[in-house]
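Colleague: I am new to this structure and would be grateful for a close look at one part of it. Please choose a single helix and set out, step by step, how its residues are placed and what surrounds them.

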Amino acid sequence: SVELDAGGFNNIRMTLEIAMAWAYATGRTFVLPPRQGVYLLSDNETFMLHDFYHLDAGSMNVMEMEDFLTEQVLTGKLIQKNGNRVPTTMFPP
């Protein structure tokens, strides 16, 4: 996944496109960041990537952050660099 910064839309767009290209090139699933506000785009409105990109085209594996947390993290499937599973107790409900 990628964490959106407080930059303008073009900075956010470039960051997302690089992260999506990296996920596609390495055969990984791209985890969409949660809905949030975008600097200078709106004062009180939130957006998701679906609002700007057609992510249902099927050429790349995409997963919502909430689904990732539910299916991977809270079920104990998240693995650390050393090969050990991350204990689910690290993530309170």
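Modeller: The account below begins with the chain as a whole and then turns to helix H1. The model is a predicted one, and the description should be read with that in mind.

The secondary structure of the chain consists of two helices and two strands, arranged along the sequence in the pattern α-β-β-α. Of the 93 residues in the chain, 25% are buried. The accessible surface amounts to about 6,900 Å², and carbon and sulfur atoms account for 54% of that surface. If one takes the contacts between residues at least 6 apart in sequence, 44% of them join residues at least 24 apart.

Helix H1 covers residues 9-26, which is 18 residues. What span should a helix of this length have, at 1.5 Å a residue? The expected value is 26 Å, and the end C-alpha atoms of H1 are 26 Å apart, so expectation and model agree.

The next matter is which side of H1 is covered. The buried residues in H1 are Ile 12, Leu 16, Ala 19, Met 20 and Ala 23. When H1 is viewed down its axis, these buried residues fall within an arc of 100 degrees, and therefore they line one face of the helix. The face turned away from that buried side carries Ile 18, Trp 22 and Ala 25, which are exposed. Strand E1, residues 30-32, is what the buried residues of H1 pack against. Between the two, just after H1, Gly 27 adopts a positive phi of about 70 degrees.

The buried face also belongs to a wider grouping. The largest nonpolar core has eleven residues, among them Ile 12, Leu 16, Phe 30, Leu 32, Leu 49, Tyr 53, Leu 55 and Met 60. H1 and E1 are the elements that give two or more residues to this core. The largest share, five residues, comes from H1.

H1 has a charged pair as well. Side chains of opposite charge can pair when their charged atoms come close. A search of the whole structure finds one salt bridge, and the side chains that meet in a salt bridge are those of Glu 17 and Arg 13, with 2.9 Å from N to O. Why are these two residues separated by about one helical turn? Glu 17 and Arg 13 are four residues apart in helix H1, which accounts for that separation. Are the partners buried, partly exposed or exposed? Glu 17 counts as partly exposed because its relative accessibility is 35%. Arg 13, with a relative accessible area of 25%, is likewise partly exposed.

For a point outside H1, one may look to Thr 89, which lies in the segment after helix H2, residues 65-73. Thr 89 counts as exposed because its relative accessibility is 72%. Its C-alpha atom is separated by 9.4 Å from that of Gly 76, and the two residues are 13 residues apart along the chain.

To return to H1, the helix has buried residues that line one face and exposed residues on the face turned away from them.

Key
Residues numbered from 1 in each chain as written. Predicted model: local features only at pLDDT ≥ 70, side-chain atom pairs only at ≥ 80, totals over all residues. Heavy atoms only, no water. Buried < 20%, exposed > 50% of the residue type's maximum accessible area, 1.4 Å probe, protein only. Contact = heavy atoms within 4.5 Å. Areas by Shrake-Rupley, 256 points an atom, 1.4 Å probe, with all protein chains shown as cover. Expected span 1.5 Å × (residues − 1). Arc of directions from axis to C-beta. Core = buried A, V, L, I, M, F, W, Y, C linked by side-chain atoms within 4.5 Å. Salt bridge = Lys/Arg side-chain N within 4 Å of Asp/Glu carboxyl O.
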